[in-house]
Structure formats: structure tokens, C-alpha cells
Amino acid sequence: MPLTEREETVLVTVARGRTNAEIADELHISLSTVKTHLTNLTSKLGVRNRVEMAMWAYETGRMRS
């Protein structure tokens, strides 16, 4: 299942080490919405946590050096 544009954005911010509150502030969305995106990402990517999510982002080339 493809990621939405917003999920891609949240994924990148997670990979950069941002907290949920920082993501909400940076993207001008509620904390609840951040948590919803993280739940969706966890399911879509088949990962268990933020570390695996970040690794997936790097391994798939979503993070540029």
C-alpha cells in the first residue's frame, strides 16, 4: 500500500529524530494526527517502532545526505 504525501513527510521527520510534539509543531498538525500517521506508517511498513521506521526511510532512499 503506497504512502500518502503526509505519511512520507512524517516518516522523514521521524527519521530525523523528531518527537511527536516536534512533528506536530513543525507540520502544524495536532498530536493526535501525528499519532494516527505513525500508526498507519507502522502498519504499512510492517515495522515495530520508530527505529525500524527510520531505518526503512534510510534503506529506501527517502533520506538524502
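Here are a few questions and answers about how the helices sit in this predicted model.

User: How are helix 1 and helix 2 oriented to each other: oblique, perpendicular or parallel?
Analyst: Helix 1 covers residues 5–15 and helix 2 covers residues 20–27, and their axes lie 10 Å apart. They pack at an angle of about 130°. That falls outside the 65 to 115 degrees for roughly perpendicular and isn't over 145, the cut-off for roughly antiparallel, so the pair counts as oblique.

User: What is the handedness of that crossing of helix 1 and helix 2, left-handed or right-handed?
Analyst: The angle in play is the one of about 130° between helix 1 and helix 2. The crossing comes out right-handed.

User: Which residues of helix 2 make the contact with helix 1?
Analyst: From helix 1, the contact uses Arg 6, Thr 9, Val 10, Thr 13 and Val 14. The residues on both sides split into 4 nonpolar, 2 polar and 2 charged. Helix 2 brings in Ile 23, Glu 26 and Leu 27.

User: Which helices do the buried residues of helix 4 pack against?
Analyst: Helix 4 runs over residues 50–59, and Glu 52, Met 53, Ala 54 and Ala 57 are buried there. Those buried residues pack against helix 1 and helix 3.

User: At the start of helix 4, which backbone nitrogen does a side-chain oxygen of Asn 49 reach?
Analyst: The oxygen of Asn 49 gets to within 3.1 Å of its partner. That partner is the backbone nitrogen of Val 51.

User: Is Thr 4 buried, partly exposed or exposed?
Analyst: Thr 4 sits in the segment before helix 1. Its relative accessible area is 39%, and the range between 20% and 50% counts as partly exposed. So Thr 4 is partly exposed.

Key
Residues numbered from 1 in each chain as written. Predicted model: local features only at pLDDT ≥ 70, side-chain atom pairs only at ≥ 80, totals over all residues. Heavy atoms only, no water. Axes fitted to C-alpha atoms, helices over the stretch in contact; angles between N-to-C directions. Helix = DSSP H or I, 4+ residues; strand = E, 2+ residues; numbered from the N terminus. Parallel < 35°, antiparallel > 145°, perpendicular 65-115°, else oblique. Left-handed = near helix turned anticlockwise from the far one by under 90°. Contact = heavy atoms within 4.5 Å. Nonpolar A, V, L, I, M, F, W, Y, C, P; charged D, E, K, R; others polar. Buried < 20%, exposed > 50% of the residue type's maximum accessible area, 1.4 Å probe, protein only. Polar contact = N/O pair within 3.5 Å; in protein donor to acceptor, adjacent residues only side chain to side chain.
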